[in-house]
Amino acid sequence: MKKYLPHLQTLPSVAVVILNWNGRNFLQQFLPSVLASTYTNLRVIVADNASTDDSVQFVQQTFPSVEILTSNENYGFAKGYNFFLQQVKADYYVLLNSDVEVTTKWIEPIIELMEADKSIAACQPKILSFHQKDTFEYAGASGGWIDALGYPFSRGRVFDVLEKDTGQYNDAVEIFWASGAALFIRAEQFHAMKGFDEFFFAHQEEIDLCWRLQRSGYKVFVCPQSVVHHVGGGTLPTGSSQKVFLNFRNNLVMICKNLPWSQLWWKLPLRVGLDAVSAWKELLSGKSIYFFAVIKAHFAFTGWVFGPKQTATGTYPRLKTVYKGSVVWQYFIQKKKIFSEIVKAV
């Protein structure tokens, strides 16, 4: 087995920060795996987002080596991490969902990769399903891509189709976005970017952050030599109206922030039109909650356009991890369901 980081005299400090909201059961189940990590210069922190269960007391009593930070209100994912990470000093942050089981040597290969290339600002492990260990998990799989219209997909996950992991995406390569379920990021760059855009609250804020990092000249990677298993849907279950609302609203905000006007003027109306098609399709299938969540998202996006906002700065680089076509067209019209069919020879 490969020994990681033998060349370093001093290991960089790593802080694993688990944002928690009423997740006592997840902490009980998965914190032991985090504490079994073999990386030595490590802090494990539970950042509690004003839970109303006994999460904090449970961690204090059961895992005394775990540090605890608390807030007086639920700030959500984006503002929550911004708030708590202001209080954490480390070389690297690992933003880890409470419903993730890690392997013992999950930290070393990523830190080795990022230490070898200082231009890598963020990285994710390979994320497999906790319930189906041989299958990629929805939130990130083996690294995120995006298409020309701003639709995110992953190596191993396109829309709702999840591939079996047969080693087909085991290469450590540049990606467009790293999953917020297990996000390694240099602390210096996180703060330089002013963290997440707090308007997002939750969902796709990590894609926006990765986009901004790349616009500032940094790279984002996946390191599949590190493996974790994710339950998924622990806070907002798949298909909930709030999840639909946040995903549609935040995706429009993200492309509006990060695309140049030369592209935005025609891509944004097209995206709004495709959203409408999706909403009407679900309404005709009897899913009125989905329909109204999309309408609500569009109104909220309009409010963002005319309200105060966090702006994005930097260049508009041509990124090889942006699929130049439409993943919607390939998936729904061409019936191509897996990443390697859509993105050839990558």
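Let's start with Leu162. Its relative accessible area is 36%, so Leu162 is partly exposed. Leu162 sits in strand E10. Now look across to Thr135. Leu162 and Thr135 are 27 residues apart along the chain, and their C-alpha atoms are separated by 6.7 Å. One caution before I go on: this is a predicted model.

Compare Ser142. Ser142 belongs to the loop between E6 and E7. Its relative accessibility is 0%, so Ser142 counts as buried. From Ser142 to Ile120 is 22 residues in sequence. In space, C-alpha to C-alpha, Ser142 and Ile120 are 16 Å apart.

Ile120 takes us to the strands. Please find E13, residues 219-230. How many of the 12 residues of E13 are buried? The count is 10, so the rest of the structure largely encloses this strand.

Who pairs with E13? Take strand E6, residues 120-129. E6 and E13 run parallel, with nine bridges between them. Ile120 has Lys219 as its bridge partner in E13. Next comes strand E5, residues 100-102. E5 pairs with E13 in the antiparallel sense, over three bridges. There, Val100 is matched with His230 of E13. Then there is strand E11, residues 173-174. E11 and E13 are antiparallel too, joined by two bridges. Opposite Phe221 in E13 stands Glu174.

Keep Val100 in mind. Val100 also helps line the largest cavity. How many cavities of 30 Å³ or more does a search of the whole structure find? The search finds one. The largest cavity has a volume of about 40 Å³. Besides Val100, its lining includes Ile18, Phe26, Leu27, Phe30, Leu31 and Val34. Asn97 and Ser98 are in the lining as well. Helix H1, residues 24-35, gives the most, with five residues. By class, seven lining residues are nonpolar, two are polar and none is charged.

On to the pockets. I'll take the second largest pocket. Its volume is about 380 Å³. The lining of this pocket has 20 residues. Nearest its centre lie Leu259, Gln263, Lys267, Pro317 and Val322. Which elements supply at least two residues each to this lining? Among them are strand E7 (144-147), helix H6 (205-215) and helix H8 (261-284). The classes here are 11 nonpolar, four polar and five charged residues.

A quick stop at helix H7, residues 241-258. H7 has 18 residues. From first C-alpha to last, H7 reaches 26 Å, close to the 26 Å expected at 1.5 Å a residue. Is H7 mostly covered or mostly open? Mostly covered: 14 of the 18 residues of H7 are buried.

Last topic: aromatic rings. A search of the whole structure finds 24 aromatic pairs. I'll show two. The pair of Phe77 and Phe196 is tilted. Their centres are 5.5 Å apart, with 55 degrees between the planes. Phe77 lies in helix H3, residues 76-85. Phe196 lies in the loop between helix H5 (187-192) and H6, so the pair ties together parts that are 119 residues apart in sequence. We just met H6 at the pocket. Are these two rings buried or exposed? Phe77 is buried, at 14% relative accessible area. Phe196 is buried as well, at 1%.

The other pair is Phe159 with Tyr331. This pair is tilted too: 4.8 Å centre to centre, 55 degrees between the planes. Phe159 is in the loop between strand E9 (157-158) and strand E10 (161-162). Tyr331 is in helix H10, residues 327-333. The pair links distant parts of the chain, 172 residues apart. Phe159 has 22% relative accessibility, so Phe159 counts as partly exposed. Tyr331, at 9%, counts as buried. The cut-off matters for Phe159: buried means under 20%, so 22% falls outside that class.

One more aromatic group. Six residues form one cluster: Phe136, Trp145, Phe153, Tyr169, Tyr323 and Phe339.

That's the tour. We began at Leu162 in strand E10, and the loop before E10 holds Phe159.

Note on methods: Residues are numbered from 1 along each chain as its sequence is written. This is a predicted model: local features need pLDDT of at least 70, side-chain atom pairs count only at pLDDT 80 or more; totals for chains, interfaces and linings use all residues. Side-chain values use heavy atoms; hydrogens and water are left out. On a 1 Å grid over the protein atoms alone, a cavity is a set of points where a 1.4 Å probe fits but cannot get out, and a pocket is an open set with protein on both sides within 12 Å along at least five of seven lines; lining residues have an atom within 4 Å of a point. Grid points are joined across faces, edges and corners, and a volume is the space filled by probe spheres set on the points. Helices (H or I, at least four residues) and strands (E, at least two) are DSSP runs, numbered from the N terminus. Ala, Val, Leu, Ile, Met, Phe, Trp, Tyr, Cys and Pro count as nonpolar, Asp, Glu, Lys and Arg as charged, and the others, Gly among them, as polar. Buried means under 20% relative accessible area, exposed over 50%, partly exposed in between (1.4 Å probe, protein chains only). Two strands pair if DSSP finds at least two bridges between them. The expected span of a helix is 1.5 Å times one less than its number of residues. Rings of Phe, Tyr and Trp (its six-membered ring) pair if their centres lie within 6.5 Å; planes under 30 degrees apart count as stacked, over 60 as edge-to-face and the rest as tilted.
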